[in-house]
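Thank you all for making time this morning. I would like to walk through one structure with you slowly, and I will try to say where each part sits as we go.

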Number of protein chains: 2
Amino acid sequence: MQLHSFFNSSTSYRVRIALALKGLAYDTLPVNIRVGEHRADDYVANVNPSASVPALIDGDFRLGQSLAIIDYLDQKYPEPRLIPLERELRARVLELSALIACDIHPVNNLRVLRYLDAELKVTPQQKTAWYRHWIAEGMAGIERLLERSNAGPWCFGAQPTLADVCLVPQIANALRMDCDLRAYRRSLAVYEHALKHPAFDAAQPQRQPDYTA
Amino acid sequence: MQLHSFFNSSTSYRVRIALALKGLAYDTLPVNIRVGEHRADDYVANVNPSASVPALIDGDFRLGQSLAIIDYLDQKYPEPRLIPLERELRARVLELSALIACDIHPVNNLRVLRYLDAELKVTPQQKTAWYRHWIAEGMAGIERLLERSNAGPWCFGAQPTLADVCLVPQIANALRMDCDLRAYRRSLAVYEHALKHPAFDAAQPQRQPDYTA
């Protein structure tokens, strides 16, 4: 398999964690979204009509969108399973994952921050306030979901799931943006536990072939 | 079952379509997000820690996040199945759904538009340009995915799936905001086909008990 990935993209990071947890070998094909390589005609036409990273190449099958890719991997390579089969646990895992993937991450990603700069001419202070506002609102929700589940050391118990796969890159991003996360005790505990796991460690931005400081 | 819903919320609209397609009876519990009822202490503590609509109540089980709710319904009431089991078709359905649920909708929802107004003091023209920019970028991606699938009358063939459940409310929103969608011929054809289906019709905002003009 091959993965079109950008080291600092948290959606790419999710898929890298999933591939590593499943022990699947792959080649990284770097796509530098900072210079717009995800919008190149050939990439959009032949690899990923979503014009984004990540994109998985599995033989003749090419797939975009991190959540779709991870579900595909979970169907094809079910061990270890990241989206549980037991109905209520599955629902809880998907609920927390969607809170990150639909409510937090999209509002703070590179294209949105660039629009704030280029089109709305916001000040650096306004951009930071924007970022921190959505992190604070979203992380409060995550923390409430984790309190309700009252599990550990992973979001939903003894094994990592899609919820952890989404949470770790989101927290890494928030820390990179100097957000104060001390109020989110359970989330930070999961994050710290995860980084000790070799699959989560191997998926980190600074371990990627396209990493630049 | 009961559904906490707001008539004009497109994530609520998704779940209403899914419930109607499956022929499941439910009571609507209106949550007026325009006046912040989704942030009320009791609602957040006891119904939906995500502080959003929709939320499903199924006996003792309470679940937020539209994509998690629809997956839960698909597990518990699999006919008709909205998330296919066949691996590659399933991946395609989830890919298009994620493009809407993660790339388009979150950037244009009520809380973001209100932040643009209240915190960034954008002009009405800037707000309209913001909305239309993300619709244009996202709909171009949807249209490319539909061209690749080359199916019809639904996004992926003869039966509606989660992709249609996500697409119809997104197009309804874009039309409400006067976006020019003529370039998205395949998307519009799916939308027009869907509105003739009784389940999609019944789920429309103007059919809801909390509808106001």
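In what order do the four strands of the open sheet in chain A lie? Please keep in mind throughout that this is a predicted model. The order is 2-1-3-4, and the pairing across this open sheet of chain A is mixed. At the edges we find strand 2 and strand 4, which covers residues 61-64 of chain A, and each of these pairs on one side only. From one strand to the next, the twist averages 20 degrees.

For those of you who are new to sheets, it may help to recall that strands pair through backbone hydrogen bonds, and that they can do so either parallel or antiparallel.

Let us take the pairs in turn, beginning with strand 1, residues 2-5 of chain A, which pairs in the parallel sense with strand 2, residues 27-30 of chain A, over four bridges. Within that pair, His4(A) has Leu29(A) of strand 2 as its bridge partner. To get from strand 1 to strand 2, the chain passes through helix 1, residues 10-21 of chain A, and the resulting β-α-β crossover is right-handed.

Strand 1 of chain A also pairs with strand 3, residues 55-58 of chain A, but here the two run antiparallel and are joined by three bridges. Across this pair, Gln2(A) stands opposite Ile57(A) of strand 3. Strand 3 of chain A is in turn joined to strand 4 of chain A by four bridges, again with the strands running antiparallel, and in this pair Asp58(A) has Phe61(A) of strand 4 as its bridge partner.

Just after the sheet there is a backbone detail that deserves a careful look, namely Gln65(A), which has a positive phi of about 75 degrees although it is not a glycine. Gln65(A) lies in the loop that leads from strand 4 to helix 3 of chain A.

Where in chain A is Pro80(A) found? Pro80(A) is in the loop between helix 3 and helix 4 of chain A, and the peptide bond that reaches it from Glu79(A) is cis, with omega near -15 degrees. In chain B, the peptide bond from Gly152(B) to Pro153(B) is cis as well, with omega near 0 degrees, and Pro153(B) belongs to the loop between helix 6 (124-149) and helix 7 (162-176) of chain B.

Turning to the record, an unreviewed UniProt entry lists residues 1-81 of chain A as "domain: GST N-terminal". That span is 36% helix and 20% strand, and its end C-alpha atoms lie 19 Å apart. An unreviewed UniProt entry also lists residues 86-213 of chain A as "domain: GST C-terminal", a span that is 66% helix and 0% strand, with its end C-alpha atoms 42 Å apart.

Finally, how many cavities of 30 Å³ or more does a search of the whole structure find? The search finds one, and its volume is about 280 Å³. It is lined by 17 residues, and the closest to its centre are Leu67(A), Leu94(A), Leu67(B), Asp71(B) and Leu94(B). The elements that give two or more residues to this lining are helix 3 (66-76) and helix 4 (87-104) of chain A, together with helix 3 (66-76) and helix 4 (87-104) of chain B. By character, the lining of this cavity divides into eleven nonpolar, two polar and four charged residues.

Conventions: Residues are numbered from 1 along each chain as its sequence is written. Chains are lettered from A and ligands numbered from 1 in the order in which they are written. This is a predicted model: local features need pLDDT of at least 70, side-chain atom pairs count only at pLDDT 80 or more; totals for chains, interfaces and linings use all residues. Side-chain values use heavy atoms; hydrogens and water are left out. Two strands pair if DSSP finds at least two bridges between them. A crossover is right-handed if, with the strands pointing away from the viewer, the path from the first strand over the helix to the second runs clockwise. UniProt positions are given in the numbering used here, feature names are shortened, and annotations may be inferred rather than shown by experiment. On a 1 Å grid over the protein atoms alone, a cavity is a set of points where a 1.4 Å probe fits but cannot get out, and a pocket is an open set with protein on both sides within 12 Å along at least five of seven lines; lining residues have an atom within 4 Å of a point. Grid points are joined across faces, edges and corners, and a volume is the space filled by probe spheres set on the points. Ala, Val, Leu, Ile, Met, Phe, Trp, Tyr, Cys and Pro count as nonpolar, Asp, Glu, Lys and Arg as charged, and the others, Gly among them, as polar. Axes are lines fitted to C-alpha atoms, for helices over the stretch in contact, and angles run from 0 to 180 degrees between N-to-C directions.
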